[in-house]
Amino acid sequence: MFVFVTIIFVFVAYTISIKFVFYRYSQLWRHLRNKISTPVYTVGNASFCPTQERSSALLRNSGEDKPRVTASETRALLVTAHPDDECMFFAPTVLKLVESQAAVYLLCLSTGNYNNQGLQRKRELLDSCAVLGIPSDHVTIIDDKELPDDPAVQWSTALISSLILKHIRNYSISVVLTFDGSGVSGHANHIAIYMTLRHLASAGRIPEGCQIFSLHSISLLRKYVSVLELPVSWLLPSDFCCIIGWEEYKRAKKAMLCHRSQLLWFRRLYILFSRYMLVNTFQGITVETKNVKIY
Ligand SMILES: [Zn+2]
C-alpha cells in the first residue's frame, strides 16, 4: 500500500512539475528572445552587454516595460551537417524563432549523400524547412567533395569557416546556432562544425554583435524519456532554452516525416521518445572581439 501511494505521489508531483515548466517557460520566452537579440562584447573574462545595460537604465527612468531590441531584429543562422539535422535536433528552436518573427536561415553543409541519396535528400530538406517555416530562399545546401556525408572523413576547417563567415556577412546574422563538442549524436561532421565555430570565435573572426550558441548533448538516458526530461532541462543551467507544446510538436513530427528516405523503424521511435523533439538547451560560445565598444 505504501509503495502504491508513493508511486501515485511521485507521478502527480512529476506531472505538476512538467506543467510548471511549460507555464514558466511561456512567461519567460520574451526574456529569452531578447537575450539572443542583444550583442555581448567580451574581453578576457569580462562580458559587456551594452544594449541590455542601456535598456535597463531606460526602464528605471521611464518605468516602461518595453524591450529595446525586438525579436524581429533577430537574424538567426542554423548551421547543420546533414538534411534532417534541422528537425531531428533543432525543431523546437526553429519553431520558436519563426513564431517570434525572427529571420531564420539554414546552412546545411552536405547533401547527405552517404547512401547515394543526395538528390532526394535535398528535396526532403526543402519540404521539411517549408513545414518548419524556413523559406526555400533562406536554405543553402552545400554540395562539395571536401564535405562528404561521412563520419570517417575530416572536414576542411578552412572551407567551413569561409562558408559560415560568408553567410554571417551576407545576411547580417546576429545569432548562430549549431552542435556542441559532442555533436549530440557523436557524428564527426557535427563536431567539425562546432570546432570550426569555436576556433573562429576565439580568434576574433566572428563579426561584431554576432553571438554563437551550441546545442547541449545529453546522456542517452535523458535523451529518450521525452516529456519526462523537461524538468531536468529546466533546472540545469543553460544560456538559451526552447520548449514547445503539443501543436508545435505535431509540426516538428510532420517535418521529420518529410525525410522519407530516412524513415526506418528507429527513426519512428526517435520521433516518439526523443527529448530533442520537445526541448533544446544551448550554451553560449564566448566570442572574442578586436574592437570593444563600451557605452
Ligand atoms: Zn547529422
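Phe282 is found in strand E9 of this predicted model. Is Phe282 buried or exposed? Phe282 counts as buried, because 22 C-beta neighbours lie inside 10 Å. Its contacts, not counting residues up to four places away in sequence, are Leu177, Phe213, Ser214, Leu215, His216, Ser238, Asp239 and Phe240. Asp180 is 102 residues away from Phe282 along the chain. The C-alpha atoms of Phe282 and Asp180 are nevertheless separated by 8.6 Å.

The protein as a whole is considered next. Its secondary structure comes to 12 helices and 9 strands. Of its 295 residues, 36% are buried. Contacts between residues at least 6 apart in sequence were also examined. Of these, 79% join residues at least 24 apart.

Strand E9 belongs to an open sheet of 7 strands. The strand order is E5-E4-E3-E6-E7-E9-E8, and the pairing is mixed. Which strands stand at the edges? Strand E5 (139–141) and strand E8 (240–243) do. Each has a single partner strand, so one side of each is left without a neighbour in the sheet. Neighbouring strands of the sheet are turned by 20 degrees against each other on average, direction ignored. Strands of a sheet pair through backbone hydrogen bonds, either parallel or antiparallel. Both senses occur here, as the mixed pairing states.

Strand E7 pairs with E9 in the antiparallel sense, through 4 bridges. Within this pair, Ile212 stands opposite Ile285 in E9. Strand E7 (residues 211–215) also pairs with strand E6 (residues 175–179). These two strands run parallel and are joined by 5 bridges. Here Val175 stands opposite Gln211 in E7. How many residues of E7 are buried? The count is 5 of 5, so E7 is largely enclosed by the rest of the structure. Both faces of the strand are covered. Gln211, Phe213 and Leu215 lie on one side, Ile212 and Ser214 on the other, and all are buried. Three of these residues recur in the surroundings of Phe282, which touches Phe213, Ser214 and Leu215.

Strand E4 (103–108) has a comparable setting: 5 of its 6 residues are buried, so E4 is largely enclosed by the rest of the structure. E3 and E4 run parallel and are joined by 6 bridges. Tyr105 in E4 is the bridge partner of Leu77. E4 also pairs with E5, again in the parallel sense, over 3 bridges. In that pair, Leu107 has Thr140 of E5 as its bridge partner. E4, helix H5 (residues 118–132) and E5 make a β-α-β unit, which is right-handed.

Helices lie across the sheet strands. Helix H4 (residues 91–99) lies across strand E3 (75–80), strand E4 (103–108), E6, E8 and strand E9 (279–285). H4 runs at about 90 degrees to E8. Helix H6 (residues 157–170) lies across E3, E4 and E6. The angle of H6 to E4 is about 160 degrees.

Helix-helix packing was examined for H5. Two packed helices are described by the angle between their axes and the distance between the axes. H5 and helix H11 (residues 246–258) pack at about 170 degrees, with their axes 8 Å apart. That angle makes H5 roughly antiparallel to H11, because angles over 145 degrees count as such. On the H5 side, the contact is made by Glu124, Asp127, Ser128, Val131 and Leu132. On the H11 side, Arg251, Lys254, Ala255 and Cys258 take part. By class, this contact has 4 nonpolar, 1 polar and 4 charged residues.

Two loop residues carry a positive phi value. Gln101 has its place in the loop between H4 and E4. Its phi is near 70 degrees, a positive value in a residue other than glycine. Gln101 is exposed, with 12 other C-beta atoms within 10 Å. Ser172 has its place in the loop between H6 and E6. Phi of Ser172 is near 50 degrees, also positive in a residue other than glycine. Is Ser172 buried or exposed? Ser172 is exposed, with 12 other C-beta atoms within 10 Å.

Conventions:
Residues are numbered from 1 along each chain as its sequence is written. This is a predicted model: local features need pLDDT of at least 70, side-chain atom pairs count only at pLDDT 80 or more; totals for chains, interfaces and linings use all residues. Two strands pair if DSSP finds at least two bridges between them. Axes are lines fitted to C-alpha atoms, for helices over the stretch in contact, and angles run from 0 to 180 degrees between N-to-C directions. Two residues are in contact if their C-beta atoms, placed from the backbone, lie within 7 Å. A residue is buried if 20 or more other C-beta atoms lie within 10 Å of its own, exposed if 12 or fewer, and partly exposed in between; C-beta atoms are placed from the backbone. A crossover is right-handed if, with the strands pointing away from the viewer, the path from the first strand over the helix to the second runs clockwise. Angles under 35 degrees count as roughly parallel, over 145 as roughly antiparallel, 65 to 115 as roughly perpendicular and the rest as oblique. Ala, Val, Leu, Ile, Met, Phe, Trp, Tyr, Cys and Pro count as nonpolar, Asp, Glu, Lys and Arg as charged, and the others, Gly among them, as polar.
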